[in-house]
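Notebook open, two chains to go through. I'll start with a backbone oddity and then work across the contact between the chains.

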Amino acid sequence: MVDSLDFKKVLSVELVKQISSEKNEPIWMLEKRLTALETFYKISEENGLPTWGPDLSELDFENISYYKSPLTTEKSSWADVPDDIKETFDKLGIPKAEHEYLGGVGAQYDSGIVYHKIKDMLKKQGVVFENMDTAVHIYPELVKKYFMTDCVPADDHAFTAMHGAVWSGGTFIYIPKGVKVSMPLQAYFHMNEPSAGQFEHTLIIVDEEASVEYIEGCSAPKYNASSLHAGCVEIFVHKNAEAKYISVENWSKNTYNLNTKKSIVYENGNMKWVNGNMGSKVTMLYPTSVLLGDNSKSESLGVVFAGEGQHQDTGSKVIHIGKNTSSVIKSKSVSMDGGISNYRGFVQVTKNAENTKSYVSCDALILDEVSVSNTWPMNKIENKNADVTHEATVGKIGDKELFYLMSHGYSKDDAYRLVVGGFVSPIIRSLPLEYAIEFNRLVELEME
Amino acid sequence: MTNYGLKVNSKYDVSEYEERVMTTAGDVVLFESGVYKIYCDGDTFVKHNITSNLMHIICISVRDEIKINIEAVGIISDGVSDVYHKIISKNKNVEMNIKVKSIADNDAKIIYRSSIGGVENSTGMGNQDAKFIMLSNECEIDAEPSLNLASNLIPTTHNIAISGVSKENIFYMSLHGLNNKESETELVHSFLNS
């Protein structure tokens, strides 16, 4: 089905021009979109869509809605957001979280940002936390320099090219030199329409000596038709800076989640990824760190649940280029009710990357006889002074552990939940407390 | 074979090798490079040297309650070594082990891929352990150990370690009167023989 598709009819020049025109974009952004569109046509014609991962043949490209305006403009007060949209985010606890512990919040509904606000004290420090659509107009020099240039070029793969053509909404963050943002910033993305496509773009620039923690959440109601999420996250961590990116993705189980996340880390920079993947029908997600600068570091922690009808193909990539760089990748996955969970990782140590240290650990629990777990870590080492280790375990919950808990009064189901909770807890601990509690609740719901 | 969208470079074209199929049990020592498919009808221990050549070995169990081991050792000083080890359990209580030690020097390249797998309803256990030492900055190691399990009754682990010769160990040996080259030689021999 996919091979015979004419993508020029599915994703047209007219659609891309319409998106750009509705956003009143400068000509350079329209040109960027059109170049990405040409790249998408070229890649899909020459290579087709990737076949090395989960099956994408049921993704109905012809019926995806590539752009759906929320029919409301961005507001900075929840009172001004239309009731039906506000109700969605109320149920998700976003306004409450903003009030209690966040430094800023962005909320996206289908293709547009409906709410955006940053606390005054951060504004006074020069922190920029904007809707990406707005940033194109207000910060054109920064956007031209960083948007889909060095980090995630449009020709990375078919879905980055698609994203480059039809991206809409998302977050732009700039942290000035020396500013350490003390409260997390958050964005929440909700796909409401059936057959929705969401292509938000997150661009985070952490200038020298600065630091930021950023959280993304996402959800969508379940429909029979498939939805597509092909977002993109680009993070630049400059000299001596730190960035922590946390994402809890709980898309509905008809969603194809084909997200691209990548960071470039400069001298002495530190990048931390924390990803929790619960939902979606298919996820293909490999947060990547390019350790360009000497002494730069990256840590990637991931938790994945694959339940009935789900195929989670996730992992992490690190490319060591500078000297004395180090990376840690830890992944925990749980497969149950026929779910398929794959770890797919890549560690590269380039020729001049002296004294690299890299450690990868992936553990998988298969809870029943019908579920599957695969582990495919790749290591490409070109420098003899590297120290690279990888270890993985796959297994089920031991009968002894279950017996021990049941002999202390736990039911079998509770014993399972407890053991699984303990299995993923080293990663959950990296989340802010409120999100750790929420994530544990989601885990329990999945186990029921 | 999964290649993550990257082509694992090998100068060897697998299609040029005729697949040699055997059903056997016991010690199997392979000298000639090539592609081997071994149906294991009992405890099977496959051994080979790692050389600048292609060696693809696939072992498949055909009986319950057996052990399948693959061991490979070698030093490559030039050329490309393309090694692929795969063990599949289709039975009950199959113990699968892969152990590899190899050293790359000069401009040698080692491509190492492995897979331990179990089909639905199979049982047993698996362990894969691969260690590589790089002696020069011109050599390269591409390693992809993988686990492919459709059964939750095969607890499996795998480990891979890639490094140079430890500078601390060389320093320790130099304190005992050996020069750098002698220290490195001793450490390499010790690594391969341990």
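In which loop of chain A is M148(A) found? I looked it up: M148(A) belongs to the loop between α8 (140–146) and α9 (158–166) of chain A. Note to self before going on: this is a predicted model.

**Entry: backbone angles**

I pulled M148(A) because its phi is positive, near 45°, and the residue is not a glycine. Buried or exposed, I wondered, is M148(A)? The relative accessible area comes out at 8%, and the cut-off for buried is under 20%, so M148(A) is buried.

Chain B has a case of this kind too. N121(B), not a glycine either, has a positive phi of about 75°. I placed N121(B) in the loop between β7 (109–118) and β8 of chain B. Its relative accessibility is 44%, which means N121(B) counts as partly exposed, since that class runs between 20% and 50%.

**Entry: a helix residue in chain A**

Next I checked E38(A), which sits in helix α3 (residues 27–46) of chain A. E38(A) is partly exposed at 47% relative accessible area. I also took a C-alpha distance: E38(A) and G164(A) are 126 residues apart along the chain, yet their C-alpha atoms are separated by 10 Å.

**Entry: the contact between the chains**

How many residues does each chain bring to the contact? I get 39 from chain A and 41 from chain B. The size of an interface is often quoted as the accessible area lost when the parts come together, so I noted that as well. For chain B and chain A the buried area is about 3200 Å², with carbon and sulfur atoms giving 51% of that.

On the polar side, I count 17 residue pairs in polar contact between chain B and chain A, both residues at pLDDT 80 or more. The rule finds 2 salt bridges across this interface. One of them is K380(A) with D142(B), where the closest N and O atoms are 3.5 Å apart.

Which elements of chain B give two or more residues to the side that touches chain A? They are β9 (140–149) and β10 (156–164). β9(B) gives the most, with 10 residues. By class, I find 18 nonpolar, 16 polar and 7 charged residues on that side of chain B.

**Entry: strands across the interface**

I then followed β9(B) over to chain A. Strand β23 (residues 372–381) of chain A runs antiparallel to β9(B), and 6 bridges join the two. Within this pairing, N374(A) has N148(B) as its bridge partner.

β10(B) also has a partner in chain A. Strand β24 (residues 387–395) of chain A pairs with β10(B) in the antiparallel sense, over 8 bridges. Here I see D387(A) standing opposite S163(B).

**Entry: β10(B) within its own chain**

What does β10(B) pair with in chain B, and in which sense? The partner is strand β8 (residues 124–134) of chain B, in the parallel sense, over 9 bridges. K131(B) stands opposite A161(B) in β10(B).

Last check: the side chains along β10(B) alternate. On one face I have T156(B), H158(B), I160(B), I162(B) and G164(B), which are buried. T157(B), N159(B), A161(B) and S163(B) point to the other face and are not buried. That puts A161(B), opposite K131(B), and S163(B), opposite D387(A), on the face that is not buried.

Conventions
Residues are numbered from 1 along each chain as its sequence is written. Chains are lettered from A and ligands numbered from 1 in the order in which they are written. This is a predicted model: local features need pLDDT of at least 70, side-chain atom pairs count only at pLDDT 80 or more; totals for chains, interfaces and linings use all residues. Side-chain values use heavy atoms; hydrogens and water are left out. Contact means heavy atoms within 4.5 Å. Buried area is the accessible area (1.4 Å probe) that two parts lose on being put together, summed over both. A salt bridge is a side-chain nitrogen of Lys or Arg within 4 Å of a carboxyl oxygen of Asp or Glu. A polar contact is a pair of N or O atoms within 3.5 Å; within protein, one must be able to donate a hydrogen and the other to accept it, and residues adjacent in sequence count only if both atoms are side-chain atoms. Helices (H or I, at least four residues) and strands (E, at least two) are DSSP runs, numbered from the N terminus. Ala, Val, Leu, Ile, Met, Phe, Trp, Tyr, Cys and Pro count as nonpolar, Asp, Glu, Lys and Arg as charged, and the others, Gly among them, as polar. Two strands pair if DSSP finds at least two bridges between them. Buried means under 20% relative accessible area, exposed over 50%, partly exposed in between (1.4 Å probe, protein chains only).
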